[in-house]
Amino acid sequence: MWTVFKLQWIRLFKQPTLLITFLGMTLVFVYFLAGAQGEQTITIPTFSETLSQEEQSDWLDRLNEEETFEFIESDYETVYEDIRMNERAFALGLEEDRYQFLIGREDMEISTLIQYVNQIYSEEQRLEQVSESFGIGEINVGSYILVETTGRTEAASSNEIYRMAVVVGMSLYFSVYSILYLMTNLVEEKQTGTWQRLIFSPLTKTRLYAGQLLHYMLVGVLQITLALLILRYLVGIEFGTNYLEIGVIIICFVFAIVSLGMLLMGLVGSPQQLQVVIPIVATSMAMLGGAFWPLEVVSNRILLFLAELMPIKYGIQGMMGAVLQDRTLSQLLEPIGALILTGIILMGVGINLMERVSENQSI
Amino acid sequence: MFSLIKKDTLILTRSRSDLTELLLMPFILIAILGLALGNLTLSEFTINAFPVALVQGQSIDRELEDWEEVLENRGVPDDTIPLLTSQAEAMAPGIQLSTLLNDDEVAEWIQVVEYASNEDALEALDEGEVAGVITIPDGFNASVWNAVMFDEDETGVISLEVQNFDNVTTDIIRSVLSTYANQFNLEASIAVATEGGAEASGLSDDNYGEITTLTAADPISSFQYYTIGMGVMFALHTAPALASRAFKEKKQHVFGRLMISRMSPLTFLGSKMISGTIITFLQLGILFGLSTLIFGTLRGYPLRFWIDLGMLSLAFSLVVGAITSLLTSITLYSNSDASSGFFGGILVTLFAFVGGSFTPVEQFSEALRSIGNWTPNGAMMTAYLQLMQGFNMSEISPLVTRVAGMTAVLLVISVGLFPKRRLD
Amino acid sequence: MLETKDLTKRFKSKTAVNQVNLYLEKGESVGLLGPNGAGKSTTISMVATLLPPTSGKVRFNNTDAWKNPQALRQVLGVVPQEIALYEELSAYENMKFFGKVYGLKGKLLEKRIEEVLDLIGLTERKKDAVRTYSGGMKRRINIGVTLLHEPEILIMDEPTVGIDPQSRNYILDMIRELNRSRGITVLYTSHYMEEVEKLCDRVYIMDHGEIIASGTNDELKSILSNEETIHITVQTHSLSFEEKLSQLPAVTQVSEEEQGYKVIASKGENLLEDIFELSRQTQTKITGVSLQTPSLEDVFLHLTGRTLRD
């Protein structure tokens, strides 16, 4: 088993392009993800064609009283260009008693944003009305009631969670790619005949599979670890100190993905077909499992059901649980169990298919 | 040349599974997208009502009793106490809030579950049974009354405890609570300032604004956005898929045979480019066509739009063709399928990410978006979006020119890399 | 020491191997001859415990090999038809890996690698990636890897496909050497008659998944003992001459050759006279006649009516 395991590593190191691509891509990918950490809040550029600069900045102060959104000053030309080039989805136009949203494309945040701006406008309107009809000066709005929101844990109390989920989801998604692409090697070994050569050697099949699969698992674990290390030390994203929990989740996730790989290798016969199948499987799994957008926005029951079947969903859930909610292993049993169970089922079916395929091939 | 293209197309049509994968599988993704995001539109998005725990402090009767005591202690004349007490009861925010939370309109989103103790509620939160815990603490009303009536520096704090700070359910609960709090603060302030003169009125539901787009066209929906995103990503995947077929040809010595037949190596490369272009174009056509027929993605656009769409798709197909020939060169040069397959596959994913296929990247950083506009898929995606936003061709053309430039550069590199001697 | 009993393999509805019975004695060199697609590879895949048979048995030292494949695998060396090696690795690295798989280690492994490299004549190129080797060298290392653990039985599936005559002779000599002086039992598959004739003591002839004949070279040829092969060279081919030839009572088969005809006929009749008579009748000018001792190729032709390379 270790001989096979070691050989796969030697082979990996014999292909410098592959190795460099592998490491380089991880680095670049994570770096881009890290760009993800640049902005903490959603910024909305504002412009006005009727208000003076002073009035505009008064409005900005009023709008920026709450910290959910950040309104910044801009002008129509810049905003127009940004939206046209798809660099922004929307902008806010301010006027004395009206506002105008300039929208290029819909965004998940926009309905909350409109609600927020509209409320402020209606409050201002009402205050003005009252102060006019009673002939009193400016009314100070007191804060008699305050809403305080807290997360269950300290880490959960930041505004970073959505982005954290994206970073974690993307890292896992990326590792799915690497693992599946590397596993194409299994199909290639069958084509070149080295696989057969190993079968009629005294090496048992169990050991042969174990050696191969362990290799892919380790590559996957290393890649995710590398990504997390870069994020932690070069970018400064805190992942907490639940190393054990994070480790267990990563290993279980990678196991499930390697099993998925076995299923694919059993189902799809040629490396050429895998080139097409892998991205489709990886991407649809990521979409269904909520790596691209939060699953809460999905209301279709079929999709929600399918999401339950996606290993990546449990991977994200487990990682978020360990990092943000400070959960211990026993509290993470659900995602861990789901990952292991999926892994075992897929592995079983996958190996069976692989064996059936090879039964129809002679030397 | 034509015979080569014919051969490539023929091989693909013969192996039906390959063709299905290349042309139709992206459609599966679009279907997922359509079902997941199809109803996520600007004005409304549906979310199933989710349970939220509510923990109330003292009962209102108890608080009113305490309040009377407070009034007495303040030396309020006995005969005004009942008046102030009933005033207090009328404006008790605790009552208003629980009425609000059980209101039909709110109930569409939030389903209130009352818990007796904070501990029970938090446990339910940890178990994932409720999306958040709203706590109205003991003496909440009293604090507000004190502040409003006696101008004391006190605040009633409604606390909301959630699992994740930044997800959709949290946003909804928080928005319901803070809307209420803002409104109360506003009305109470007005009442104080006008000494009860102004009639309390709920904020009007008037819209003080409008939503406009840059041109007359509708804004782009999330579904349209992702359709384009997935479309450009999978078109890009065509390139490594075809390049790996070129490698297979080399393995089967077809390549060598072609080379010794005095065919120019560039003809071989050119045929790969054209096959890539044709297949990508078909792929995009099927994708946009089927998606419009089934999900109505691009319904209602005029003929002119479709012609422009075709032109853009052609430009994009050409750049994918150029990438195909580049990857073919790399594959034949390095004599390995794996590295270019891996490279192609992973690079495509990276490009797709930066280009905004998965999620609008500008919400991460604008720099990322600007980089994205320099990837072939990102630039084309922006161009498609511009077209759908109703810009005319003259405003779109800079990006298309950029893509055409990339096509030329890629072609030059692929010709340079193409192994002209090694035929083994 | 190794035998099969009614070995059968069906793929879906197609029967690839049907009730094959063969045996190998220790130290023997046995050939398995047949055209492409005859079921040779499938047969040896089952013998090599790669492919489970649909029915029938493989017996090794009188025990069922499929019950305990490890015992057989340890003494078995199989040379696959393809170059089943990690081409990005060097010959040395490949050998080291496969040697370890067979349980060799340390000094013994190094020693064996050296010996085998010497045997296959690749010592100088051992550090180069297999990818850079010529076809013949790839074939040699393909065999070499199999020899590391000093197998008692060597099963070879067309080990000389697609290489130049020189490399081919090298390999054939090497196998003969292994068989004669080291006593390795060899099962050799090929569709090249000459190879099998040269190399093997005993031959099985397969066609359409069945063994249609078996025996030593001489025994097989004695199938043709009452027949003889006559090559006739003519100036120009003539259809009527060919037709008339095949109508002769003694003739069993006539096939066209480049410059004439090959005739298989019963021995002892006054055939030559009849042939010359026919040539006069049809005005076909005979430029030469030769009698040939039968080859395995002729045996195959006799048995199936087809040539091996059809």
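Buried here means under 20% relative accessible area, exposed over 50%, and partly exposed in between (1.4 Å probe, protein chains only). By that yardstick A:Cys252 is buried, at a relative accessible area of 8%. This is a predicted model, where local features need pLDDT of at least 70, side-chain atom pairs count only at pLDDT 80 or more, and totals for chains, interfaces and linings use all residues. Residues are numbered from 1 along each chain as its sequence is written, chains are lettered from A and ligands numbered from 1 in the order in which they are written, and side-chain values use heavy atoms, leaving out hydrogens and water.

**Cysteines**
- C:Cys200 is buried too, with 5% relative accessibility.
- Over all chains there are 0 disulfides (cysteine sulfur atoms within 2.5 Å).

**Chain C against chain A**
- Contact (heavy atoms within 4.5 Å) links 34 residues of chain C with 27 residues of chain A.
- The two chains bury about 2800 Å² between them, 64% of it from carbon and sulfur atoms; this is the accessible area (1.4 Å probe) lost on being put together, summed over both.
- C:Leu50, C:Tyr86 and C:Glu88 give 22% of the area that chain C buries against chain A, more than any other three residues.
- You'll find 0 salt bridges between chain C and chain A (a side-chain nitrogen of Lys or Arg within 4 Å of a carboxyl oxygen of Asp or Glu).

**Domains of chain C**
- The domain assignment, automatic or from a database, splits chain C into domain 1 (2–220) and domain 2 (225–293).
- Their C-alpha centres sit 41 Å apart.
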